[in-house]
Amino acid sequence: MTGTLEGSVRDSLATLKDVGGVVGSFVCTPNGRLVSREIPAMFDDGALAEAGSRFVRFREAFAAGGDELELGVVRFQEHAVYMKVVGTSLLLILVEGAVNMPALRMAANLVGRRIGPAVAQAESAPPAVDPPVESAPPVRARRPAEAPPGMRRFRGRPVD
Amino acid sequence: MAVQAKGNGDVDDEDRTAPGVQPGRPRGFHARLAGVGLWDLVQMECLAHSRACMRVVGEGGVGYLYFAQGHIVHAVTAAQIGEPAALEILGWTNGSFQPCDRPWPEAATIATSHEALILQVAKRRDESSNLVAFPGRGGGEPTGEGLDHVEMLEIEEGAADMRRPDEREVTPVQPAARAEAPAGDFSVMLRLSPRGEILKNSGGSEELAETVAYVRRLTELAGELLGIEGFSAFECTFAQGKLITFVESNGDTVVLRPRPEANLQALRERLGL
């Protein structure tokens, strides 16, 4: 997916945060590829793609029995995941606490309609080797002794 | 309730020996019906003004209802006689209803009309039975102490009792996994053990049970990946119909497929959906 398209999807996903309780959202294709994300960086791309592929299989399991999923809400202890089918992909919205479900449904419908064409384009694109998402940098603190590329360090200090 | 019905026509040899074909009584059609309510059958007998004894086999055992001139005039169960017996029999929800040949009582023991008897049973049922346990929302672990405070939510009369067999006051003699006639707000009510075994089934299929067992595991895995453990329920909206699944405090999974006209607001609130 091109940066422009991905950016426009991300912009649309950001509007979901107008609904109170929305932590963030992401879009996952049927093959488990992350199309776009608008969710705090503490959720890394790998975890989102893995979780997304589980929800994709969730949908496929019901489809195998003739039940074509359109919407879903999965309730956890403090959070919930709202699922909406967009094309053949899944829009997944993570919410916490009490959320206004009718408002979320409406917001998700609008976003689903808006991102539909871009998601369809992403679905038809050949799978990338690396996740194509402009991803948040992995949240991993650099170890003190680890030198940036090209720099030599000894006991945490740069050496010439 | 299964029923053998009669009409005007011939009966075969087997039926001549069957109970209920009383001498001098007009012969008729012989039919087997399923899914008919006992109250409807009683009303039919009363409307027909027939004089007959009907053997009712239900979850509480065997009972006999005697009809004459559009009324229930006598009733007998193992423990009761007269009006209490009639109320007991009318309270049964599953079983069979067929004519039988039994001695007629010397005098009528029931003076109350059949409508009044049925109303009385309906009222009792509203007050005390047909409850299904739904977990309340709030704080705790879904499989731990947090959901131990199971709240009771009344569902429509006629809905199947989805409590575990060992929690029921009267346990009907039937295989745990047998599909029963669905009723009430839900066309499917299914209870699965934490290992995915079907404990109770009303209108569901083995395939649905397998699907739910699998997706429950998937949601738990997805939750762990996102750091949001504690799966408790999900609701799916399909192109045709909905499905609600929740986990009870004992780890059992309850699957409900609501009818289109069902009002799910109370259930959703309880489950946080």
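**Reading strand β9 of chain B and the contact between chains A and B**

Analyst: In this predicted model, strand β9 of chain B, residues 186-192, is mostly covered, with six of its seven residues buried.

User: How should one read the pairing of a strand, and which strand pairs with β9(B) over six bridges?

Analyst: In a regular strand, side chains alternate between the two faces of the sheet. Here, β9(B) pairs over six bridges with strand β13 of chain B, residues 253-258, in the antiparallel sense. Within this pairing, B:Leu190 has B:Val255 as its bridge partner in β13(B).

User: Which strand pairs with β9(B) over four bridges, and how many residues lie between the two strands of the hairpin?

Analyst: Strand β10 of chain B, residues 198-202, is antiparallel to β9(B) and joined to it by four bridges. One partnership links B:Met189 to B:Ser202 in β10(B). The hairpin of β9(B) and β10(B) has five residues between its strands, and B:Gly196 in the turn has a positive phi of about 90 degrees.

User: How does one read the contact between the chains, and which element of chain B gives the most to it?

Analyst: One begins with the residues on each side: 29 residues of chain B are in contact with 25 residues of chain A. On the side of chain B, α5 (206-226) and β11 (233-238) each supply at least two residues. The most comes from α5(B), with twelve residues. By class, this side of chain B has 18 nonpolar, seven polar and four charged residues.

User: In which sense do β3 of chain A and β11(B) run?

Analyst: Strand β3 of chain A, residues 69-75, runs antiparallel to β11(B), and six bridges join them. There, A:Val74 has B:Phe234 as its bridge partner.

How values were computed: Residues are numbered from 1 along each chain as its sequence is written. Chains are lettered from A and ligands numbered from 1 in the order in which they are written. This is a predicted model: local features need pLDDT of at least 70, side-chain atom pairs count only at pLDDT 80 or more; totals for chains, interfaces and linings use all residues. Two residues are in contact if their C-beta atoms, placed from the backbone, lie within 7 Å. Ala, Val, Leu, Ile, Met, Phe, Trp, Tyr, Cys and Pro count as nonpolar, Asp, Glu, Lys and Arg as charged, and the others, Gly among them, as polar. Two strands pair if DSSP finds at least two bridges between them. A residue is buried if 20 or more other C-beta atoms lie within 10 Å of its own, exposed if 12 or fewer, and partly exposed in between; C-beta atoms are placed from the backbone.
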